[in-house]
Amino acid sequence: MENKNKFISPFYRPWMITYGAAAPAGGSNKGMKGIVAGGITGGIEICITYPTEYVKTQMQLDEKVGAKKYNGIMDCIKKTVKGHGVFGLYRGLSVLLYGSIPKSAVRFGAFEALSTQVTGGKGELTATQRVLCGLGAGVSEAILAVTPMETVKVKFINDQRLEKPRFKGFFHGTSIIIKEQGISGVYQGLMPTILKQGSNQAIRFYVMGALKNLYKGDDPNKPVPKLLVGIFGMAAGAASVYGNTPLDVVKTRMQGLEAKKYKNTFDCMVKIWKNEGPSAFYKGTVPRLSRVCLDVGITFMIYDSFMDLFNKVWP
């Protein structure tokens, strides 16, 4: 009699539990958690590391032929501060800030979604799977966020090199670019960006996963201290810098205000090699190394922290 009076939810479906159809949505939520945690991470990280990105871009735009403007990293910083104040090192930050949030969100969301698909939400990724999921995450962010963001950013920084800068702000500058060059004006350098971001994330996620697994040893549930996550992230960042800086240089040239002098990605590579020599492909390595190591270390620390929090409060 007692069972007859017991309330039964109209949404109760015992056969769905038995056959797994009502399994918890944790697997699908993993991608959404990655998007939210990645977006927050991207906004915080770029505010910390932007000046090094600014200097790196200036150094890569400084060609040997023509009007060479800087004699090194410190000279670039000194002249920028003297001419535009300390905030001159943050020129173009709004562009990167607007883009860093969706970029990081797409990157981590795509990686988490792909890793869930590959493993079925169970077990650890193999080395090959980490590389492929990282590659997929990099290609996704290149197409959906990085290319337009980077193109506008490079044009903004390039604009400041002119005697009379034209761009007054993010929306003003972007409107001028689109008006004069069409939507393709913010999608210059798509192929080198795909190559760069794909290889970037393939290397970073592989190195990060490998170092974490090395630390965990035979215990896959062993927690990795956040400081150590940061150090592992710096190592992953350094590996990606030395692995694809040539692609980064080509991407920057293809997205600059003088991109029209290059027919395509290959033509850009040939002209850089012919006019400036092979060492030009590693221009900006030092400022990029400092930025990327700091960037990736901070990013993985913040991201891991938010994912830990979300896993506790977000079923």
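**Largest pocket.** I began with the largest pocket of this predicted model, for which I noted a volume of about 1,100 Å³. I then asked which residues lie nearest its centre, and I wrote down K30, E112, E124, K212 and K216, out of 34 residues that line the largest pocket. For the elements behind this lining, I found that α2, α4, α7 and α10 each supply at least two residues. Sorting the lining of the largest pocket by class, I recorded eleven nonpolar, eleven polar and twelve charged residues.

**Cavities.** Turning to enclosed space, I looked up how many cavities of 30 Å³ or more the structure holds, and the search returned three. The largest cavity has a volume of about 190 Å³, and of the 18 residues that line the largest cavity I listed K103, K196, Q197, R291 and D295 as the closest to its centre. Two or more residues of this lining come from each of α2 (26–61), α4 (93–119), α5 (127–160), α7 (190–216) and α10 (285–313), and I noted that α7 gives the most, with five residues. What is the make-up of the lining of the largest cavity by class? I entered four nonpolar, three polar and eleven charged residues.

**Second largest cavity.** Here I recorded about 50 Å³ of space, with a lining made up of G42, E45, S100, K103, S104, R107, D295 and T299. The elements that give two or more residues to the lining of the second largest cavity are α2, α4 and α10, and I noted α4 as the one that gives the most, with four residues. By class I found no nonpolar residues in the lining of the second largest cavity, against four polar and four charged. Reading the entries side by side, I saw that K103 and D295 are among the residues closest to the centre of the largest cavity and that K103 and D295 also line the second largest cavity.

**Cysteines.** My last query was for disulfides, and a search of the whole structure finds zero. I also looked up whether C47 and C133 are buried or exposed. C47 has a relative accessible area of 39% and is therefore partly exposed, whereas C133, with a relative accessible area of 2%, is buried, because the cut-off for that class is under 20%.

Note on methods:
Residues are numbered from 1 along each chain as its sequence is written. This is a predicted model: local features need pLDDT of at least 70, side-chain atom pairs count only at pLDDT 80 or more; totals for chains, interfaces and linings use all residues. Side-chain values use heavy atoms; hydrogens and water are left out. On a 1 Å grid over the protein atoms alone, a cavity is a set of points where a 1.4 Å probe fits but cannot get out, and a pocket is an open set with protein on both sides within 12 Å along at least five of seven lines; lining residues have an atom within 4 Å of a point. Grid points are joined across faces, edges and corners, and a volume is the space filled by probe spheres set on the points. Ala, Val, Leu, Ile, Met, Phe, Trp, Tyr, Cys and Pro count as nonpolar, Asp, Glu, Lys and Arg as charged, and the others, Gly among them, as polar. A disulfide is a pair of cysteine sulfur atoms within 2.5 Å. Buried means under 20% relative accessible area, exposed over 50%, partly exposed in between (1.4 Å probe, protein chains only).
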